[in-house]
Amino acid sequence: MGDISAVFAEKKHTLLIAYLTLGYPSLEVSLQAVRLLEESGADIIELGIPFSDPLVDGATIQQASYQALQNGITPPKCLEALHSIREQVKIPLLFMSYYNPIYQYGPEKFCADSSGIGINGFIIPDLPPEESVLLEQAAKGHDLDMVYLVAPGTPQKRLEEIERRSSGFIYLVSVEGVTGTRQGLPGHLEEFVARVRKATSKPLCLGFGISTPYQVNQVAKDVDGVIVGSGIVELMGRNDWQRELSQYVRDLKSACNGGSAYAAG
Amino acid sequence: MAELAGIEGTIYLKREDLLHTGAHKINNAMGQALLARKMGKRRIVAETGAGQHGVAVAAACAVLDLDCIIYMGEEDMQRQAPNVSRIKLLGASIKAVQYGSRTLKEAVNEAFRHWVADVKDTHYLLGSAVGPHPFPVMVRDFQAVIGREVKEQILCEAGRLPDEIVACVGGGSNAIGIFYPFIPDEAVGLVGVEAGGIGMENGNHAASINAGKVGIFHGSRSNILQDNYGFIQSTHSISAGLDYPGVGPEHSHLKSTGRARYVTVEDEEALDAARFLSRTEGIIPALESAHALAYVLHGGFHKEREALPRKGLHSNETERIIVVNLSGRGDKDMGIIGEREGEG
C-alpha cells in the first residue's frame, strides 16, 4: 500500500505533497487532518515528527514544533497514534524529522516500527548522504524510501551522489534558506530543475517557500510533485481549520492539474 | 596565589585574556575572516554566547571591511551587556534571539538559518569547535596557537613540559586549542572543566561530556545534553560562554580514548575562583576561565592526583607544573559578579 514509486509512475498530473507537524495542535487533530488531506486531493503526505531545534524550518513550523513538544509529543507517541493509520489512509506517507530523535530511538527499530504501521519513507534534512549509511541500510531492509534534498547551490558531484542514493523521489529545495511561506518565487528555478533533470530519471519534487495556488501553478509543469508545508501548518492553528484546509488543498490540487484559474495570478 | 591556596607546585596562567578584544576568540575570528575574504565573501554572520566571540568577529570585520551580523540570545544580551555595546560600537549589527532558552544554542540555530539563506555572499564564522565539518577542525587549528605558545614558553621558562593543562570547556575551543599540540605528549595530563551550574544532581548545568550522551546536533556527533527522545535540553551556567548543550566532537573523542579527563565546577566555585585570582594576582578572569582555575584551587587536582600513579617523564620531579588557560578577561562579567556580591 502507498508505494511512492508507483504513485509517480501512474501519475497523470503533478502530484501534491502535503506536510503537517504531528501533534500540532494535537495528535487527534493531526490524524483528522491526514484523512482530510487525502480526501481533498493530496497525493502523498509528509508527517513531521517535531524536534526541539528544527534547523531547516522557518517560524511557522518552528512554532508548531514547539507547541507539539509542549503537548508532550515524542517519537513513540507519534508511532503509537498512527498504529492504525493504514485502515484510514491509502496514499503514501513519509516521516519528516531530524536525525537525533531517530538515532536515539535506534535506526533499525525506527525503520521496523515505521514500516510496521505502513510508513513508506523518510525525509531527514539534517542527515547528509555521507553520514546516513546506518539509517539507509536499515531503511532498505524494511522497504522504506530515503528522500534526500538538493539545493540550488549543490555542486554537481554531490548532486550525482544524492541522485544515486535517493529513492522514491528527490526533494528540490526551491530557495537557499529555510521553510516558510514567501511572496513570489525565486529566480533561476527552471535552470535549477533542468540541471537536476539532466542528472536523473527519478521523480523531482519541489518544496520550501511554496504556499499559494498561483506559485504551484507556476512550477507544476516543471516538476513531478510540489510540496506544501507551512501554508498547511498555518491553517492548523485555526478554529475553522477543517473547512479552510479542505478548500486550500483543493485549490492547490487544481493548480497542480494546471488549472487555468491561477495562471494569471 | 598558589601559595595562598596551599598548592605545592607552580601554576602558570596562559594569558589569553591579554589578547586584543579580551579573549582567545580573536585567534579564530581573524583566521576565518581572512579565509572569508579569500573566498570572496562580503558578509559574516556569527553567533555569540558570552559576547567575546561576537566582539572578536566584529573587530575582525571592522579591520577587513566585511559586513557583520551577530546573533545573540536575549538572556545573554542582558547578562553580558558590555559586550553588546562593544559589538555595536565596532559597527556590527546584533540580532536578539528571543525563543527557547534565549542563549547560545538558539543563537547558533539562527546563525545557521541566516547562513543557508545567504550562502553565496556570506560566511558563517562559527566561534567554537562545534558544528558540521570542517568547523571543528578549522576552529581547533586556529586555536592551536595557544598550545604551541604554551609549549615554547614553558620549555623556555621551566625547562620541561607541564604535568597538567587545565582549560574550561563549553563548546571547547580554548581547551582544544591548548590541548591539541600536547596530545602526543602523553605525560602531560589534559583536564577539561565543564560548567556544573547549580548542581549536577538537579540537571541545571551545561556539562555535556559528564552528563550527556552521544547524539547528533548542529551537524556533528558528540556528547549532547538531551532527553530520552533525543530532544536537546536547556542548560544552565552562570557563564554564558559555557552555556551550550553540546561539545566539540574532538573532546568527546579525547574523553572516550581517555587521553583527556573532564570534570565539573559549579557556579559558586567559579565565582570564588574569580574573586581569589582578582585579589591575589590583580587579574580579573572571565567566569568561563574561572571554572578552570576553580578546579585547580579547590583541590580537585590534589585529590585525583593522589589516586593516580605518577608516571611518565616527570615522575622524579618534586615540583609540579600546572598550566591554566586563562581564556578571557572578566570585564564583561562585572554585572553578574556585582549582583552576587550584593547578595553576599
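**Exercise 1. Determine whether the radius of gyration of chain B agrees with that of a compact globule.**

Solution. Chain B has 344 residues, and for that number a compact globule would have a radius of gyration near 20 Å. The value for chain B is 19 Å, which agrees with the globule. The model under study is a predicted one. Along its principal axes, the C-alpha trace of chain B spans about 60 × 45 × 45 Å.

**Exercise 2. Describe the make-up of chain B: its secondary structure, burial, contacts, surface and charges.**

Solution. Begin with the secondary structure: chain B contains 14 helices and eleven strands. Next, consider burial, where 60% of the 344 residues count as buried. Then turn to contacts with a separation of 6 or more, of which 74% are between residues 24 or more positions apart. The accessible surface of chain B is about 13300 Å², and carbon and sulfur atoms account for 51% of that surface. Finally, count the charged side chains: 35 are positive and 43 are negative, with the centres of the two sets 6 Å apart.

**Exercise 3. Establish whether D76(B) is buried or exposed, and list the residues it touches.**

Solution. First, locate the residue: D76(B) belongs to helix α3, residues 74-79 of chain B. Second, apply the cut-off for burial, which is under 20% relative accessible area. D76(B) has 0% relative accessibility and therefore counts as buried. Third, leave out residues up to four places away in sequence; D76(B) then touches T48(B), G49(B), R102(B), T103(B), L104(B) and A240(B).

One of these contacts, R102(B), deserves a further step. R102(B) sits in the loop between β4 (93-97) and α5 (104-117) of chain B. At 24% relative accessibility, R102(B) counts as partly exposed. Its phi is positive, about 55°, although R102(B) is not a glycine.

**Exercise 4. Identify the residues that touch the most other members of the largest nonpolar core.**

Solution. The largest nonpolar core has 116 residues, and those touching the most other members are L47(A), F95(A), F122(A), F169(A) and L245(A). Apart from this core lies another, of 33 residues, including M1(B), I11(B), A195(B) and L277(B). To examine one residue of the largest core, take L245(A). Neighbours within four places in sequence aside, L245(A) is in contact with A33(A), L36(A), L37(A), I232(A), L235(A) and M236(A).

**Exercise 5. Locate the cis peptide bonds before P25(A) and P134(B), and describe the backbone at D143(A).**

Solution. Recall that most residues other than glycine have a negative phi, and most peptide bonds are trans. In chain A, a cis bond with omega of about 0° joins Y24(A) and P25(A). P25(A) lies in the loop between β1 (15-21) and α2 (27-40). In chain B, a cis bond with omega of about 10° joins H133(B) and P134(B). P134(B) occupies the loop between β5 (122-124) and α6 (135-143).

D143(A) has a positive phi, near 65°, and is not a glycine. It is placed in the loop between α7 (133-141) and β5 (145-147) of chain A. With 72% relative accessibility, D143(A) counts as exposed.

**Exercise 6. State which residues of helix α10 in chain B are buried and what covers them.**

Solution. Helix α10 comprises residues 249-257, and within it E250(B), H251(B), S252(B) and L254(B) are buried. Their cover includes α6, β6 (164-169), α8 (173-179), α9 (208-211), β9 (220-224) and β10 (260-266) of chain B. Just after the helix, G258(B) adopts a positive phi of about 85°.

Conventions
Residues are numbered from 1 along each chain as its sequence is written. Chains are lettered from A and ligands numbered from 1 in the order in which they are written. This is a predicted model: local features need pLDDT of at least 70, side-chain atom pairs count only at pLDDT 80 or more; totals for chains, interfaces and linings use all residues. Side-chain values use heavy atoms; hydrogens and water are left out. Helices (H or I, at least four residues) and strands (E, at least two) are DSSP runs, numbered from the N terminus. The radius of gyration is taken over C-alpha atoms; the globule rule is 2.2 Å times the number of residues to the power 0.38. Buried means under 20% relative accessible area, exposed over 50%, partly exposed in between (1.4 Å probe, protein chains only). Contact means heavy atoms within 4.5 Å. Accessible areas come from the Shrake-Rupley method with a 1.4 Å probe; for residues, only the protein chains shown count as cover. Lys and Arg count as positive and Asp and Glu as negative; His and the chain ends are not counted. The place of a charge is taken as NZ of Lys, CZ of Arg, CG of Asp or CD of Glu. A nonpolar core is a set of buried Ala, Val, Leu, Ile, Met, Phe, Trp, Tyr and Cys residues joined through side-chain atoms within 4.5 Å.
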